[in-house]
Amino acid sequence: MGHVSRARSFVADRERTTWHDQALWFVRAKRDAAADLVPDWEALRDEASTIKHEALERLPELWIEFESQATRAGAVVHWARDAREHNTIIARLLAERRITRVVKSKSMLTEECGLNAHLEAEGIEIIDTVLGERIVQLRNEPPSHIVMPAIHLRRAEVGETFARTMGSPPGLDDPDALTAIARQDLRARFLAAQAGITGVNFAVAETGSLVVVSNEGNVDLGTALPRLHIACVGLEKIVPAKRDLAVFLRLLARSATGQAISAYTSHFRGPRRDGSAPPTPATAASPAAELHIVIVDNGRSRLLAEPAFREALACIRCGACLNTCPVYRRSGGHSYAAVIPGPIGSVLEPARDAATHAELPHACTLCGSCSEVCPVKIPLHRQLLAWRGLLAEAGHSPHHRTRRRLALALAAEILARPRLYRLFDGPGRRLARALPGAWIEWLAGAWTRQRALPAIPARSFRAQWREISRERRARPASPAPAEATATAKDTRR
Amino acid sequence: MRNARDSVLAALRVTRPAFAPRDRRLAMPAMPDDPIAVLRARVEAAGGRFQQVPRSEWLAQVDWPLELATGADGSLAPTLSVYSAFPELASRGAGRGAGCGDAPPRELTQLDLCVLRGEFAVVENGAVWQVPLGPFERRAALLAEHLVVVIEGDALVASLHQAYERIDLAAISFGWFLCGPSKTADIEQALVLGAHGPRSMRLVWRCDEPSAGAAQTT
């Protein structure tokens with residue numbers, strides 16, 4: 001089952017598809033309005049792209065600097081080559097402390113690594129705390145958007161989910177009331193949690209600081225209450241210096257949701273002590289808080305080696321390319337069957353597993369809107385086009401179906417030889433006119449369904465041209481200049 | 001076999017592109033002509049409230065989120081649970097004040113109001129930079145139903161660029177920009193204030209003169 005058939009089941013619900021499309025376009029419009037209020041917006045995008053390029057060229061030095069600074073501040077730094085190592089490190093940290101109750105704030109990296117399933121298998125309760133991600137967790141679904149995890153659901157479905165899992169009154173579908181129910185349930189879990197796991201938006205090499213943003217305050221509760229904070233960070237998240245944060249934070253929320261900044265932008269350096277205040281008897285009495293940072297490669301160093309795709313590592317996960325993508329808005333995040341859906345996912349996922357995700361670069365109209373809104377100027381649509389070529393060469397392209405390949409090979413032969421072309425012109429034309437409309441989909445794929453071929457004329461262009469030329473020759477030899485202009489116009493029409 | 005750290009770093013050294021330093025050309029954004037109007041608009045866009053009050057009578061002038069004031073002097077209803085970074089507020093009849101430093105987090109869930117001292121506000125986005133005095137204050141800011149952050153007369157910067165020039169990240173273990181109350185739109189994009197943290201947030205700007213201070217900017 002591919003993207004097309006998964007998208008088909010999403011668009012079958014026309015009302016939902018329309019709502020989904022419009023809701024995301026509304027977020028895109030908010031992004032535009034927020035960007036318009038920043039006079040130096042384009043210069044800011046250039047600056048962000050520059051900083052990321054330099055960072056990607058200096059990754060080893062920057063991470064070593066980060067490690068040394070973070071360690072000096074009292075954090076413990078771990079390195080993971082892949083998802084398995086990442087999950088093993090976290091499971092070990094929890095097991096060593098006999099921790100069984102964990103709260104997690106949204107992190108695409110832990111989704112990528114399949115952390116929840118790994119910890120649950122070890123008997124650990126892991127609770128997603130962003131409302132949208134909690135909703136999809138209760139439904140045993142993956143998030144359908146990297147910033148708005150439950151954007152594929154309508155309020156009544158959230159109400160049903162809460163009624164089934166939390167005993168809320170059936171039929172409740174008021175967002176305020178549903179949010180209050182989730183708040184109450186999660187507040188208790190925050191207070192009971194023994195560890196908080198978070199993602200990281202930016203790791204600052206200069207100071208060893210981590211920056212994490214949130215609107216709900218879940219990142220902050222999950223790190224302010226439990227004794228243990230585990231932060232999971234992909235290799236691409238490093239920025240060289242403190243001053244770079246200004247550039248990315250001015251871009252991030254505006255690109256993501258149209259907010260000037262998120263409600264919470266938290267800066268962590270070392271384990272919880274808070275401020276510069278000396279430890280009080282109260283803080284000294286409780287066991288020392290811990291910060292563990294897990295730095296994860298999981299294919300990123302490999303992607304760095306690909307000149308055509310390495311810029312995708314500049315992504316700050318704002319989701320703007322999803323919101324603007326005409327395919328994503330209409331097909332829904334789950335149609336991608338990938339951790340990260342939408343344009344950026346369609347670039348990143350084939351790098352992880354080409355065979356599974358070969359179809360994704362084709363779930364794209366090449367309209368280029370994603371590249372236009374990207375705050376770090378990743379040339380997304382060019383990368384998607386590049387993937388199509390690479391995947392075809394590797395034999396993964398959907399256009400490698402035998403009939404399509406034969407048809408294209410035949411067309412190439414005929415089109416390259418004018419005599420052969422003339423020979424096939426008449427019979428080919430008659431055949432194409434006689435075949436039912438569905439043949440083109442059989443041959444060229446599902447995207448032809450909404451794209452009818454223009455009616456094939458009975459006579460070829462050559463035949464029509466010959467006729468026009470004959471008519472011209474039959475006219476008076478030298479028309480007046482004014483008439484000549486009129487004739488030219490007529491012909492064009 | 002090499003350990004994970006060495007093998008990740010080794011892989012990066014092989015695959016990274018050559019370093020080419022580039023020019024940085026971004027200019028510092030200037031302070032807008034009317035910073036207070038812009039700041040107020042940004043705070044309100046984030047679901048917060050903004051208030052400019054004279055320092056001498058700020059307790060009475062602040063439009064408190066709850067029915068705190070019981071008299072003309074702004075004294076507080078003793079039944080409310082309040083965390084305050086300002087001793088004058090805590091001593092005015094608040095049920096709980098800054099003195100309850102070792103209360104376990106669970107007690108904080110009954111907190112009605114948290115009043116914090118902010119360091120400065122960012123005009124361009126309406127955020128206020130705040131460094132909690134300790135773990136207790138950080139939790140109080142999240143667990144209280146309502147949040148008030150107070151900044152002083154000259155504490156405005158134009159943008160995050162100027163903000164980070166003022167912040168010494170190496171000197172603190174934790175600090176945050178706060179902007180508006182905790183919020184979510186994860187159910188059908190309907191905005192709900194009070195997701196996990198406070199349901200309301202007020203940014204209070206204390207000035208020596210109610211109308212002065214606007215020109216004092218960094």
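User: What percentage of the contacts in chain A with a separation of 6 or more comes from residues 24 or more positions apart?

Analyst: This is a predicted model, in which local features need pLDDT of at least 70 and side-chain atom pairs count only at pLDDT 80 or more, while totals for chains, interfaces and linings use all residues. Residues are numbered from 1 along each chain as its sequence is written, with chains lettered from A and ligands numbered from 1 in the order in which they are written. Two residues are in contact if their C-beta atoms, placed from the backbone, lie within 7 Å. For chain A, with a separation of 6 or more, the share from residues 24 or more positions apart is 72%.

User: Which strands stand at the edges of the open sheet in chain A?

Analyst: Helices (H or I, at least four residues) and strands (E, at least two) are DSSP runs, numbered from the N terminus, and two strands pair if DSSP finds at least two bridges between them. Six strands of chain A form the open sheet, in the order β1-β10-β7-β4-β2-β3 with parallel pairing. Each edge strand has a single partner, so one side of each is left without a neighbour in the sheet; these strands are β1 and β3 (125–128) of chain A.

User: Which residue is the bridge partner of V103(A) in β3(A)?

Analyst: Strand β2 (residues 101–104) of chain A runs parallel to β3(A) and is joined to that strand by four bridges. In β3(A), V103(A) is partnered by I127(A).

User: At about what angle does helix α5 of chain A run to β10(A)?

Analyst: Axes are lines fitted to C-alpha atoms, for helices over the stretch in contact, and angles run from 0 to 180 degrees between N-to-C directions. Helix α5 (residues 83–96) lies across β1, β2, β4 (195–198), β7 (228–234) and β10 of chain A. Its angle to β10(A) is about 165°.

User: Which element of chain B helps cover the buried residues of α4(A)?

Analyst: A residue is buried if 20 or more other C-beta atoms lie within 10 Å of its own, exposed if 12 or fewer, and partly exposed in between, with C-beta atoms placed from the backbone. The buried residues of α4(A) include L59(A), W63(A) and F66(A). Their cover includes α3 (41–57) and β1 (76–80) of chain A, among others, and from chain B, α1.

User: Which residue of β8(B) stands opposite Y264(A)?

Analyst: The contact between the chains takes 80 residues from chain A and 71 residues from chain B. On the chain B side, the largest share, nine residues, comes from α1(B). Strand β9 (residues 264–268) of chain A and β8(B) run antiparallel, joined by five bridges. Opposite Y264(A) in β8(B) is L178(B).

User: Which helix supplies the largest share of the largest nonpolar core?

Analyst: A nonpolar core is a set of buried Ala, Val, Leu, Ile, Met, Phe, Trp, Tyr and Cys residues joined through C-beta atoms within 7 Å. The largest has 179 residues, of which F248(A), C114(B), A121(B) and V149(B) touch the most other members. Its largest share, nine residues, comes from helix α12 (residues 242–256) of chain A.

User: Is N298(A) buried or exposed?

Analyst: N298(A) lies in the loop between β10 and α14 (300–304) of chain A. Its phi is near 45°, a positive value in a residue other than glycine. Because 21 C-beta neighbours lie inside 10 Å, N298(A) counts as buried.

User: Is L366(A) buried or exposed?

Analyst: L366(A) is in the loop between α18 (354–357) and α19 (369–373) of chain A, and its phi is near 60°. With 12 other C-beta atoms within 10 Å, L366(A) is exposed.
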